[in-house]
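Please open the structure in your viewer and keep a selection tool at hand, since this tour moves from one selection to the next and describes what is found at each stop.

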Amino acid sequence: MLKIAVPNKGSLAETAAWMLDEAGYRGRRDGKELIVVDARNEVEFFFLRPRDIATYVGSGALDVGITGRDLLLDSGSDAVEVEGLGFARSTFRFAGPAGRFTDAADLQGVRIASSYTLLVEAHLASLGVTAELVRLDGAVESAVRLGVADAVADVVETGATLRAQGLEVFGEPILASEAVLISNGQHPAGLNTLKRRLDGVMVARDYVLVDYDIERSRLDAAIDVAHGFESATVSPLQKEGWVAVRVMVRRDETNQIMDALADVGARAIIVSRIHAARI
């Protein structure tokens with residue numbers, strides 16, 4: 001059986017569970033289950049702390065897992081990223097007292113508080129910067145005000161929490177993180193199926209089907225608007241000189257594409273959700 005590590009709580013857990021459910025796998029029936037066997041799909045799920053998942057997978061105890069890219073890089077494990085899963089996106093940045101720092105080079109010799117010290121240390125080493133890392137398990141925004149550190153490295157969304165502590169972000173981002181599928185570097189039976197199913201869920205989440213009718217003489221203009229995932233499906237209509245077209249388009253571009261299709265003469269424009277896909 002393919003052994004899969006799944007986040008048991010936190011921001012990763014809910015969407016990871018939804019994706020696996022949409023991919024046809026059995027989930028846990030209550031939040032106290034630590035192991036779930038899905039005999040039909042020949043997989044076994046282990047519900048673990050997100051921070052521990054890369055360690056278990058990297059050691060070979062488990063085959064694959066879902067965790068954050070930041071947690072993977074901070075784990076120091078031998079686990080490797082298979083692919084990004086497109087959710088739980090975040091940016092990891094340096095922050096310090098307003099006006100004190102301008103870029104990472106200014107961090108030479110200072111104290112930096114973070115919950116991701118291995119990740120930060122590796123990033124600073126790549127820049128040739130040496131600093132003292134102060135590991136804190138939890139919020140680090142108060143570290144500078146309390147005198148524990150001179151700067152911090154943390155996940156930044158709007159920056160409002162940092163500004164409330166008199167801090168500002170500076171320098172280039174350390175990392176753009178998201179949920180990722182990881183493996184122990186091997187290719188066990190079932191991994192390709194899991195990856196293909198998750199890819200299908202991401203396509204179904206990000207794309208919709210658009211159907212419309214148009215005169216054949218205007219077809220090229222319509223295809224220029226939306227050429228489809230690979231190519232448009234075009235079928236003749238009973239009405240002479242008209243065709244029916246079906247294309248996949250990105251969900252977040254749907255209304256703009258519908259407007260543009262109408263402008264070039266498309267009619268009966270209908271949008272449908274995609275429940276599942278294999279691309």
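Helices and strands are here runs assigned by DSSP, at least four residues long for a helix and at least two for a strand, and they are numbered from the N terminus. Everything on this tour belongs to a predicted model.

**The whole chain**

Begin with the chain as a whole, coloured by secondary structure, where eight helices and 15 strands can be followed. The radius of gyration of the chain is 24 Å, well over the 19 Å that the globule rule gives for 279 residues, so the chain is more spread out than a compact globule. If you turn the C-alpha trace along its principal axes, it spans about 80 × 50 × 35 Å. Of the 279 residues in the chain, 44% are buried, and the accessible surface comes to about 14,700 Å², with 48% of it belonging to carbon and sulfur atoms. Among contacts between residues at least 6 apart in sequence, 69% join residues at least 24 apart.

**Residues 49–188**

Next, select residues 49–188, the range that an unreviewed UniProt entry annotates as "domain: ATP phosphoribosyltransferase catalytic". Over this range the chain is 24% helix and 34% strand, and the C-alpha atoms at its two ends lie 23 Å apart.

**The six-stranded sheet**

Now show the open sheet whose six strands follow the order β2-β3-β1-β4-β11-β5, with mixed pairing. At its edges stand β2 (35–38) and β5 (80–84), and because each has a single partner strand, one side of each is left without a neighbour in the sheet. Neighbouring strands of this sheet are turned by 25 degrees against each other on average, direction ignored. To look inside the sheet, select β1 (residues 2–7) together with β4 (residues 64–68), which run parallel and are joined by two bridges; here A5 stands opposite G65 in β4. Helix α6 packs on this sheet, where it touches β1, β4, β5 and β11 (179–183), and its direction makes about 35 degrees with that of β5.

**The four-stranded sheet**

Move on to the open sheet of four strands in the order β13-β14-β12-β15, in which the pairing is antiparallel. Its edges are taken by β13 (233–236) and β15 (267–273), each with a single partner strand, so one side of each has no neighbour in the sheet. On average, and with direction ignored, neighbouring strands of this sheet are turned by 20 degrees against each other. Select β12 (residues 207–215) and β14 (residues 242–250) as a pair, since these antiparallel strands are joined by nine bridges, and find D211, whose bridge partner in β14 is R246. Helix α6 (residues 191–206) lies across β12 and β14, running at about 55 degrees to β12. Helix α8 (residues 254–263) also packs on the sheet, touching β12, β14 and β15, with a direction that makes about 160 degrees with that of β15.

**A stop at D150**

Finally, centre the view on D150, which sits in the loop between β8 (132–135) and β9 (151–156). Is D150 buried or exposed? The relative accessible area of D150 is 15%, and a residue counts as buried under 20%, so D150 is buried. To see what surrounds D150, select G96, P97, R100, F101, V110, R111 and V144, which D150 touches when residues up to four places away in sequence are not counted.

Notes: Residues numbered from 1 in each chain as written. Predicted model: local features only at pLDDT ≥ 70, side-chain atom pairs only at ≥ 80, totals over all residues. Heavy atoms only, no water. Pairing = 2+ DSSP bridges. Axes fitted to C-alpha atoms, helices over the stretch in contact; angles between N-to-C directions. Contact = heavy atoms within 4.5 Å. Buried < 20%, exposed > 50% of the residue type's maximum accessible area, 1.4 Å probe, protein only. UniProt positions renumbered as here; feature names shortened; annotations may be inferred. Rg over C-alpha atoms; globule rule 2.2 N^0.38 Å. Areas by Shrake-Rupley, 256 points an atom, 1.4 Å probe, with all protein chains shown as cover.
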